[in-house]
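Me: I have a structure open and would like to go through it with you. Can we start with a single loop residue and work outwards?

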Amino acid sequence: MVRSCELESRSDVRHGRLMHKQLLGDRLQKFGRDDCFLCGTDLSAAPGIRTEEHVFPKWLLQELNLWHHSITQLNGQLAYYRRLKVPCCQRCNGEHLSRVEARIKAAYLEGPSAFRELDRRDLFIWLGKIYYGIIYRESHEPQLVREQAGERLVPADHLKTLSFHHFLLQSVADRLDWFPRFPGPASFHFFECLDDEDPLRRFDYMDDLGTPMLAIRIGRIGIVGVLQDWGRSENVQQPHLVAAREMKLHPTQFREVYGRLKYMTEIAWRDNVHPTVGGPECVTVLYDPAQEFRGEVDPGEQARVLASLWGVSPQAITKDGMGMSTICDMSGSPLTAPDHGLIFFSLDGSTGLWPANQVELTEELLKSPCIGTDSPSPD
Ligand SMILES: [Zn+2]
């Protein structure tokens, strides 16, 4: 699991909390342990309305056998996946979110093709809830266990910069819509991944606190969601992404596609202001679906992003200012991995790339025919 900590506000900050009040009249964005993270209901106001929503849904943790496993948080401390929960009212949890969850689960069980066919609104809500939920929880967790009342893992003020994202999530209760319906608020990038029997190899999660985007790999399904680029990045024909769409990705390769999309999103990001119509029963957010995706790639900067995701130094994966790829070789041919057992190496051969960045490189391992070392690739 990789979290990026660059705290800078994006398009959300200008909207502020007022839009919830002015346009919807209710469903305010609130931040406390006694507030529903999704609709703002005061959970201490009446008995029986308080529930806890799992950030990563229970069915998923059970399917992937992750119930007893833990993740590393931003402060390096471990936390059980099953304990990643946020305060939620009975209605949001038991009605609104559970309907979406049931459709996502059914598609997951059917496989990658069914997942691609999911309703885009459902996918936005599902990914958007995980993204917002994990930050909400972190805004309540102490940075240092011994200082329970001290600094939080994520400053509570950061949630305020996500107010427009929270506003868009009100679509879960049919209180918000967007026009045109397609493509909607997010870009979705789907990838088929290699699966494995080891639960810890079957799951990966990455997100970015500065740019609202995330990636999740669950078994054979890999998806990168850019939550507020209004479909702009979906048609990008970057050669590595095009090749990756035709492959079954190894975990190292899935991190590469996320890294490439993360870097591209950052250089091409554009703050948007959206007119809205209607309310308070239902607000419609209007947007321009034809925005171009533009940005100049700096290979060195891109390599820095990839290095952090692979857990190695940028120098280990760059040569003459060019970065490397685990997806294509210099000629553009795809580098196919047979299974999770393959280790991708840095350009200088000094280290394996995540998840093999901690593996001790023995003589025997270095001679293995299974080792793939890539050449620098043009961008
Ligand atoms: Zn609620």
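Reply: D174 is found in the loop between α7 (163-169) and β6. Helices (H or I, at least four residues) and strands (E, at least two) are DSSP runs, numbered from the N terminus. This is a predicted model: local features need pLDDT of at least 70, side-chain atom pairs count only at pLDDT 80 or more, and totals for chains, interfaces and linings use all residues. Residue numbers start from 1 along each chain as its sequence is written.

Me: Is D174 buried or exposed?

Reply: D174 counts as exposed because it has 10 C-beta neighbours inside 10 Å. The cut-offs are 20 or more other C-beta atoms within 10 Å for buried, 12 or fewer for exposed, and partly exposed in between, with C-beta atoms placed from the backbone.

Me: And what is the phi of D174?

Reply: Phi of D174 is near 60°, a positive value in a residue that is not glycine. Most residues other than glycine have a negative phi.

Me: Which residue in the loop between α2 and β3 has a positive phi?

Reply: N65, with a phi of about 60°, although it is not a glycine. N65 sits in the loop between α2 (58-63) and β3 (70-72). N65 is partly exposed, with 14 other C-beta atoms within 10 Å.

Me: New topic. Where are the cis peptide bonds around P180 and P183?

Reply: One runs from F179 to P180, with omega near -5°. Another joins F182 and P183, with omega about 5°. P180 lies in the loop between β6 (176-179) and β7 (187-193), and P183 is in the loop between β6 and β7 too. Most peptide bonds are trans.

Me: Now helices. At what angle do α9 and α10 cross?

Reply: The axes of α9 (residues 251-268) and α10 (residues 299-310) cross at roughly 140° and come within 9 Å. Axes are lines fitted to C-alpha atoms, for helices over the stretch in contact, and angles run from 0 to 180 degrees between N-to-C directions. The two helices are therefore oblique to each other; under 35 degrees is roughly parallel, over 145 roughly antiparallel, 65 to 115 roughly perpendicular, and the rest oblique.

Me: Last one, the whole chain. How many helices and strands are there?

Reply: The chain has eleven helices and 15 strands. Its C-alpha trace spans about 65 × 45 × 40 Å along the principal axes. Of the 379 residues, 42% count as buried.
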